[in-house]
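I opened this entry to look up how the strands are arranged and where charged side chains meet. My notes follow the display below.

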Amino acid sequence: MTRTHHDAPVHDLVVAGFGPAGISIAVAAVDHDEAQPAGAPPLDAVYLERARDSAWQPNLVLPGTDIQHHFLRDFATPRDPRSRFTFPNYLLSTGRFYPFTLLGGYASREEWSAYVEWTAREVARPVAYHREVVEIAPVTDADGVVRAAEVTSVDVRDGSRHTHFGRNVAISTGHLPYVPRLFEPSLGERVFHASRFLPRLAALPEGPLRYAVVGAGQTAGEIMLHLAARHPDNEIFSLTRGHGIRMYELGHFSNEVYFPQETDYFYALPRAEREQALDQVRATNYAAVDPDVSTALYQAVYQDRLSGRGRWHMLNRTAVTGLKAPEGGDGTSGGVHLELAEVHTGRTDALDVDAVILCTGYTEPRLPAQLDPFRDHLLTDEAGDPLVTRAYRAQTRDDCEVGIYLNGMTEWRHGISSATSFSVMAVKADVIHRDLRERLAARSGEAER
């Protein structure tokens with residue numbers, strides 16, 4: 001629904017989401033503002049975040065786990081290594097620079113999440129936490145032109161509704177947890193997506209328990225190792241449709257797809273070629289594990305077989321065809337009954353476990369649901385997908401001047417590095433920020449004339 005003209009203040013930018021993608025825009029804006037002459041007005045931006053803080057993947061910060069990218073691919077270094085928001089500067093500020101240099105390898109998930117939170121604090125932008133953006137609607141001026149967006153958010157604590165207006169908006173809410181339809185009716189304390197892992201695990205009895213882990217990616221591997229370490233008698237059932245858990249494609253040359261210039265290449269391809277190119281590189285980031293996790297898993301399974309304890313069960317080429325949560329059907333108490341089938345032979349089996357953990361990945365919305373009110377103002381391609389510029393901005397019709405940036409959710413258009421990966425996050429934020437500043441300057445010049 002289109003809103004009519006209003007008299008409320010209009011911000012230069014309203015950002016939905018203050019996780020890594022939103023923080024990266026704030027960092028680019030602050031670095032720019034601090035480099036301007038004294039007295040120059042800063043970017044008027046407001047940030048809205050559903051969570052209580054900006055912790056990075058807080059439900060998956062497990063002991064012994066690390067990040068999957070080099071720590072110099074942080075919020076600022078690829079754009080400007082002199083920025084005060086780099087990971088090395090974070091290490092200096094915490095007194096851990098020299099100890100960290102002795103570690104080698106990648107940063108731990110715990111430290112990276114701490115770096116994300118540190119940056120969120122240091123960037124010192126107006127952030128409203130506990131605010132979930134539920135709708136972004138066009139506001140029409142008297143001449144019929146949309147020059148602002150009305151951003152409605154709900155305080156998740158009390159349900160109160162709040163409104164901000166922006167000349168530009170950036171959707172930085174990330175991908176959505178993917179739950180296969182079979183499991184949706186049973187979601188609860190006993191059947192849950194990995195994005196809810198630590199709080200759901202804390203609500204379960206300490207064990208020993210029987211866990212089914214559905215999926216074959218890095219998260220599945222880390223969760224299985226964590227469950228095995230949590231109680232000496234836990235049983236782990238790995239359910240994968242493939243022939244076994246694979247390792248990432250780690251070749252040096254193949255991983256150059258995470259270099260910024262690859263975004264230009266991918267963006268220039270026609271749709272069919274983009275889809276082919278994306279399929280070719282999926283193994284660098286999806287449905288696989290890193291060498292450390294692969295080695296640890298295989299050693300654990302081998303040792304289990306050697307000892308004859310029977311804790312580990314690697315059920316490859318296995319699909320879940322049915323599910324029953326005995327008490328109430330919602331999986332909140334009691335065991336969970338799974339019907340299984342071998343994907344090639346069709347041979348059936350059954351499995352009873354105490355909990356099912358869905359490591360089934362995430363989905364990327366082509367157009368976030370919050371933007372539905374803007375749908376009639378957006379240009380689309382032959383498949384109905386939004387036309388998106390190289391600067392991650394959705395193209396709009398002539399009657400709409402609002403800049404709508406899809407930040408961290410255009411892997412389908414810009415390539416595998418352009419979604420949730422940190423690899424080009426700083427560069428991507430720089431592209432968005434430059435485009436935003438140019439548009440604001442152009443509108444300011446028009447207003448002066």
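Before reading any exposure value I wrote down the scale, on which buried means under 20% relative accessible area, exposed means over 50%, and partly exposed lies in between. I also noted that this is a predicted model.

Entry one, salt bridges. I searched the whole structure and found 28 salt bridges. The first pair I looked up was Arg-84 with Glu-34, whose closest N and O atoms are 2.6 Å apart. Because Arg-84 lies in the loop between strand S2 and helix H2 while Glu-34 lies in helix H1, this pair ties together parts that are 50 residues apart in sequence. Glu-34 has 46% relative accessibility and therefore counts as partly exposed, and Arg-84, at 33%, is partly exposed as well.

Entry two, the sheet. I traced five strands in an open sheet with parallel pairing, in the order S9-S16-S10-S11-S12. Strands S9 (191-193) and S12 (312-315) stand at the edges with a single partner strand each, so one side of each has no neighbour in the sheet. From one strand to the next, the twist averages 15°. For the pairing of S9 with S16 I noted three bridges, and Val-191 has Val-356 as its bridge partner in S16. Helix H6 (residues 218-230) lies across S10, S11, S12 and S16, and runs at about 170° to S10.

Entry three, a link within the sheet. Which side chain meets Arg-210 in a salt bridge? I found that the partner is Glu-235, at 3.1 Å from N to O. Arg-210 lies in S10 and Glu-235 in S11, so the pair ties together parts 25 residues apart in sequence.

Methods:
Residues numbered from 1 in each chain as written. Predicted model: local features only at pLDDT ≥ 70, side-chain atom pairs only at ≥ 80, totals over all residues. Heavy atoms only, no water. Pairing = 2+ DSSP bridges. Helix = DSSP H or I, 4+ residues; strand = E, 2+ residues; numbered from the N terminus. Axes fitted to C-alpha atoms, helices over the stretch in contact; angles between N-to-C directions. Contact = heavy atoms within 4.5 Å. Salt bridge = Lys/Arg side-chain N within 4 Å of Asp/Glu carboxyl O. Buried < 20%, exposed > 50% of the residue type's maximum accessible area, 1.4 Å probe, protein only.
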